[in-house]
Amino acid sequence: MATRIGVDIGGTFTDLVYFDEATGKTVEGKVPTVPSAPEEGVVAAITGHVPQEIIEKAEFFLHGTTVGLNALLERRGSKVGLITTQGFRDVLEIRRGDRAEMYNLFWKQTEPLVPRSLRLEVTGRMLGTGAEYIPLDEDTVRAAVAQLIAAKVDAIAVSLINAYANPAHELRVAEIIAEAGFTGGVSLSHKISGEYREYERTSTTCIDAFVRGRMANYLRRLDGKLRELGFKGTSLITRSGSGSMTFAEAEDRPFETIMSGPVGGAQGAAELAKILNIKALVTADVGGTSFDTALVIDGKPQVLFEGVIDNMPIQSPWVDVRSIGSGGGSIAHIDPGGLMRVGPRSAAAVPGPACYGKGGVEPAMTDAAAWLGMLGPGDLASGITLDIGKAKAALDSVGQHIGQDAEHTAAGVMRISSAAMANAMREISLDQGLDPRTMTLLPFGGAGPLMGTLLADELGMNQIIIPPLAGNFSAWGLLGADMVQSTARTRVMDFAAGAAGAMDFAAGAAGAINATLTDLFSALETRSAAHADEAVKSARLDLRYKGQEHTLSIEVATQGGALAEAEADILNRFVSEYARTFGGTMNQDVELVSIRANTTVPLPQRQLSYTPKRSDGADDRVMDVYSFERQTRLPFRIIPRGRITGKITGPAIVTEDTTTTYVDADWTITNGSAGEIILERIA
């Protein structure tokens, strides 16, 4: 075990959880986010909730943030120049020659991160085999670099065709950039991604260059402030593909942290699923600004190997988290057709919902919940006490346009919000052939437990698990983020001839795979030499039937960095996974496309210990709260989480420091074995 501090920055609140190795105690805290300076919110959370002796003896600080993601979405990053192979200047705009939304007549292509005037071509070309076809013309490189320096770019992205197969030309371009005296960031595509697909690799390289400066400056400021507080341990940030990396590595590979924020919750859900032996679980992370959902199957979050942000692909491991602009701060408004909508615009941390009394006047989802009584007495985290009068005034400003009073307007806001969230959950589950009705719902975040029974009703689910530390669950998930590194290389080659059973394997395939794995693991060891001896190695092979475009990634057993199982077993697993995914198989040759290597340095284990606060007090109170099951107000018991004993039948409001659980009629509440509470629908 090791004492550690985890901080997750959201759009409205910054959440903290720390684990004290000496006492086995886990403590949570929540403060408002500071959008203009996120690191200030981190400092406020630590100084407000962590004793000085804990700060000084903590071995790890683990962080989840959306700084990189917000830089992309808001287009507030570096001014980037792109150097590419002659003929590939417009690949960012040509893309795949298709439309992201085929039937949307108003769809517009996302503006490239690099304008055409800053996308420059150089002469030289490598083949996919790695052989040089046209030598690099260094004079064209020098001219391009001089033009970009004159344009005062902050960063240069270099993406030459087939550089993944032979990076010699890219490395020489980097030398010429340095010789020209350029002091900004330089992103080389072969270091960013070892995979083919020129558009995706170029997009990833440009994204890395775009967020590099902002991410590096943020991490340096934050680490400096941590040291000022007395922290002496290792600073880690979560990766988009789960696990964590050091701040120094994140500065070198910032594109791997784009989805750092939502990953903590998925990691925590996977850990809890293993503890509780839950086979299929879907998460509902409801914050102040956004809603995130992910699947956890057999104790593992679902990982993709390419993500998309604002229609821009990123070649990087990626926990499959679906996000929409719907949360506690989402604002209700009337659209041009006269219908009420909720989100994606948010009141965020400033000014916040009207009921916070901080200057907000537009009705947010939190205002609707407050008016309906769903938040109980109204004492929230960070010392916020709800102003119900201001919530009603905000709701009336929208209700008058649709001819409804505050009660019906508020109920409509909650229904619209829950329907939008449920649609995202259907996409992530039904798209994979999984029925959400057979799964367990895990809601968390500041407003997740508030929405639990509404989401279960929308999806026909019958069991809900409210986890320990539910309001800060993403921060708790950060505490278990092992240090992970990954890399990949495209090696298109024959793997097996014919269907499974033929077992006619390509000569030399295993040897080529092992040689590539040796190179990949060597590169990962160089990247993190300090932890090389502790790293656990794993690998995956991307396989497909010949003639197909996309692949399935199959995990393979390794020993000492080499394959440790027969090709026949790998092939059979591919065929089984293909049949499960697509409902059938093919009598075609199977080919290998990419080889993936992964190293994991496990953090010392920490306990899941949780004792809810506010476990003492007067007898339960009763409030009239709106019931969506009965569509009227009913007497709801107000129960502190620490006072739940036996089986309690709803309706009820369960209160705790950082969140509120709304339990409608026809649901029961019981304590679980790991500090969770279990909600079950009455048959």
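This is a short tour of a few spots to select in your viewer, from one threonine to some cavities, a pocket and a set of aromatic rings. Keep in mind that you're looking at a predicted model.

**Stop 1: threonine 660**

Start by selecting residues 660–663, which make up strand β36, with threonine 660 among them. Is threonine 660 buried or exposed? It has a relative accessible area of 7%, and the cut-off for buried is under 20%, so threonine 660 counts as buried.

Now show what surrounds it. Leaving aside residues up to four places away in sequence, threonine 660 touches Met374, Leu375, Gly446, Pro449, Leu450, Ile653 and Val654. Add methionine 451 to your selection too: 209 residues separate methionine 451 and threonine 660 along the chain, yet their C-alpha atoms are 9.5 Å apart.

**Stop 2: the largest cavity**

Next, go looking for enclosed space. The whole structure has 4 cavities of 30 Å³ or more. To find the largest, select Leu92, Arg95, Thr110, Pro112, Leu113, Tyr199, Ser203, Cys206, Ile207, Asn311 and Met312, which line it. The space inside comes to about 100 Å³.

Which helix gives the largest share of this lining? Colour residues 198–229 and you'll have it: helix α8, with 4 residues of the lining. If you colour the lining of the largest cavity by class, you get 7 nonpolar residues, 3 polar and 1 charged.

**Stop 3: the second largest cavity**

The second largest cavity holds about 50 Å³ of space. Select Thr85, Gly124, Arg125, Met126, Leu160, Ile161, Ala163, Asn166, Pro167, His169 and Glu170 to see its lining. Two or more of these residues come from β7 (125–126), and two or more from α6 (168–179). Here the classes split into 5 nonpolar, 4 polar and 2 charged residues.

**Stop 4: an open pocket**

Time for a pocket. The second largest one has about 370 Å³ of space. It is lined by 13 residues, and you can centre your view by selecting the closest to its centre: Arg95, Ala100, Trp107, Val308 and Asn311. Arg95 and Asn311 may look familiar, as both also line the largest cavity. By class, this pocket's lining has 7 charged residues, 5 nonpolar and 1 polar.

**Stop 5: aromatic rings**

Last, turn on the aromatic side chains. There are 10 aromatic pairs across the whole structure. Pick out tyrosine 545 and tyrosine 578: their ring centres are 4.8 Å apart and their planes meet at 85 degrees. Planes over 60 degrees apart count as edge-to-face, so that is what this pair is.

What does the pair tie together? Tyrosine 545 is in strand β27 (residues 536–545) and tyrosine 578 is in helix α17 (residues 567–582), so the link joins parts 33 residues apart in sequence. Both tyrosine 545 and tyrosine 578 are buried.

For another edge-to-face pair, select tyrosine 626 and phenylalanine 628, with ring centres 5.0 Å apart and planes at 75 degrees. Tyrosine 626 and phenylalanine 628 are both buried as well.

Then go back to Tyr545 and Tyr578 and add Phe574 and Phe582; together these four form one aromatic cluster.

One more click before you go: select phenylalanine 521 and lysine 537. Lysine 537 sits over the face of the phenylalanine 521 ring, 5.2 Å from the ring centre.

Conventions
Residues numbered from 1 in each chain as written. Predicted model: local features only at pLDDT ≥ 70, side-chain atom pairs only at ≥ 80, totals over all residues. Heavy atoms only, no water. Buried < 20%, exposed > 50% of the residue type's maximum accessible area, 1.4 Å probe, protein only. Contact = heavy atoms within 4.5 Å. 1 Å grid on protein atoms, 1.4 Å probe; cavity = no way out; pocket = protein on both sides within 12 Å on 5 of 7 lines; lining within 4 Å. Points joined across faces, edges and corners; volume = space filled by probe spheres on them. Nonpolar A, V, L, I, M, F, W, Y, C, P; charged D, E, K, R; others polar. Phe/Tyr/Trp six-rings, centres within 6.5 Å; stacked < 30°, edge-to-face > 60°. Lys NZ or Arg CZ within 6 Å of the ring centre and 35° of its normal.
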